[in-house]
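I opened this structure to look up a few strands and one patch of surface. My entries follow in the order I made them.

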Amino acid sequence: PAAFDGALRKFSVGMEYGGVLAKSSEANAVFLTEFILDIAHRCEDLRFLPPGILNYFVAPIGGETGNLSRMELLCFVLSQNRLTCTDPIWRSVQIKDWFARNLCTPAPCLDMFSTKTGIPAIKNTGHAINVIGVTQGESGLARNTMMSVEALRIANLPTNLDPNPLNRSRPHKQMNTAHPLRVPVTLHHVNADKIPQQIVVTGPSLHIGFLLWELETLPQSHRLASKLLDEVWVPSTYVQHLYQRHYDCEVVNMQKGFSLPEIAPADLRECGLDASHHVVLMCFDAHSSVERKNPLAAVRAFQKAFDKRQNARIIIKTTPVGAGHWGDPNGQMSKIRQLAKKDRRIILDERMLPFPALLALIRRADCVVSSHRAEGFGYIPAYALWYGRPVIATNYSGTKDICRPDTAHLVDYTLIPARPGETIEPLENAYWA
């Protein structure tokens, strides 16, 4: 343990980079590890890197022959793998074997960092769709990524999900051959401002961006992607028209594909509610912008609609929103808290719920409200419709594909300017509902 701890402290080392001796902090060592792993999946040889960097990562821990190389140790620590080691961790045969099989097999040029011999490298043959993007968490981006992976699996297309092996102990690689591709394809599941950085490290490929945005005006940071992408996929007609106005490449409305499980309605007795209560639900992620989701409008409408009804409740389900939150410049949440102090029918729930618990809450609601100013798609209304819940939604933007007069109760609107500080990025001449 002392030697292992010492090895971690030695992340702060002198390292020659391009002839310049620079101090490398722990963060720089991690960054360089991720960088090398990223390009290793796109290159057959890493010897174009400066010798000082290569020598640093090839060197054994503590300078003792037989120990793990620095690259092996760093990759193992960053992978958060729970591998059981029979040897001291800094010379573990299990870690050497893990590195050789799980990292060197898909990227043979990493062999130079491996201290294990006799593991044959296997190169992937044929072209595949590399899906790169957010895969963890409950965000819309993460859900969109996994929907695409599932769709490609059903279509039996050769697919690689997130080639960065640091995200999991064993990279998910699915190389089907029923429909081989003539060229490599990269499907980028990130916002458009991240596309240029990804394309730089991805290399030659047909580049498709699955893009999400909520307003009809694009920020300047999203414009460069229009020159780099070969094609754009979007989840709704509204977003399709947006990118068709600003991008020259083909923009395809792929829509969404999901299947929700059968789930029992939530038991709300902990909130003091029972079957006799009429529950209105307004649900959103504060990181998606409180001002855009516009929950205060739902609360005020609830109070007008149920002025004297004591068995009515509105639950504002969100994620924690602290004072000065960037997405709440007009203090909607503080106003809701003030109203809730005077009206016990208003329930503010800021718990971080697992996805099944969120679905159970939607399943329990007698009505689901989306008083949004703009949406790229609208997951919560879609989930509510899946479970047959009545939906009230602003008749604007991405929700219009699924919230129609025959499926939902639609709220008319007028477009107003989005004021400085209300949008996630600075925008000029931007309007929303």
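Entry 1. I began with strand pairing, keeping in mind that this is a predicted model. Strand S10, residues 278–283, is joined to S11 by six bridges. S10 and S11 run parallel. I looked up one pair: Leu 281 has Ile 315 of S11 as its bridge partner.

Entry 2. I then turned to the pairing of S11 with strand S12, which covers residues 346–349. Four bridges join S11 and S12, and these strands also run parallel. Ile 314 stands opposite Ile 346 of S12. Following the chain from S11, I passed through helix H12, residues 332–342, before reaching S12. This β-α-β crossover is right-handed.

Entry 3. Is strand S11 mostly covered or mostly open? S11 spans residues 312–317, and six of its six residues are buried, so each falls under 20% relative accessible area. In a regular strand, side chains alternate between the two faces of the sheet. I therefore checked the faces of S11 separately, with buried meaning under 20% relative accessible area. One side holds Ala 312, Ile 314 and Ile 316, all buried. The other side holds Arg 313, Ile 315 and Lys 317, which are buried too.

Entry 4. Last, I looked at the surface. Which residues make the nonpolar patch of about 290 Å²? I found Tyr 413, Leu 415 and Tyr 431. Tyr 431 lies in strand S17, residues 431–432. Tyr 431 counts as partly exposed because its relative accessibility is 41%, which is between the 20% and 50% cut-offs.

Conventions. Residues numbered from 1 in each chain as written. Predicted model: local features only at pLDDT ≥ 70, side-chain atom pairs only at ≥ 80, totals over all residues. Heavy atoms only, no water. Patch = residues over 30% accessible without salt bridge, like charges linked within 9 Å, V, L, I, M, F, W, Y side chains within 5 Å. Areas by Shrake-Rupley, 256 points an atom, 1.4 Å probe, with all protein chains shown as cover. Salt bridge = Lys/Arg side-chain N within 4 Å of Asp/Glu carboxyl O. Helix = DSSP H or I, 4+ residues; strand = E, 2+ residues; numbered from the N terminus. Buried < 20%, exposed > 50% of the residue type's maximum accessible area, 1.4 Å probe, protein only. Pairing = 2+ DSSP bridges. Right-handed = clockwise from strand over helix to strand, strands pointing away.
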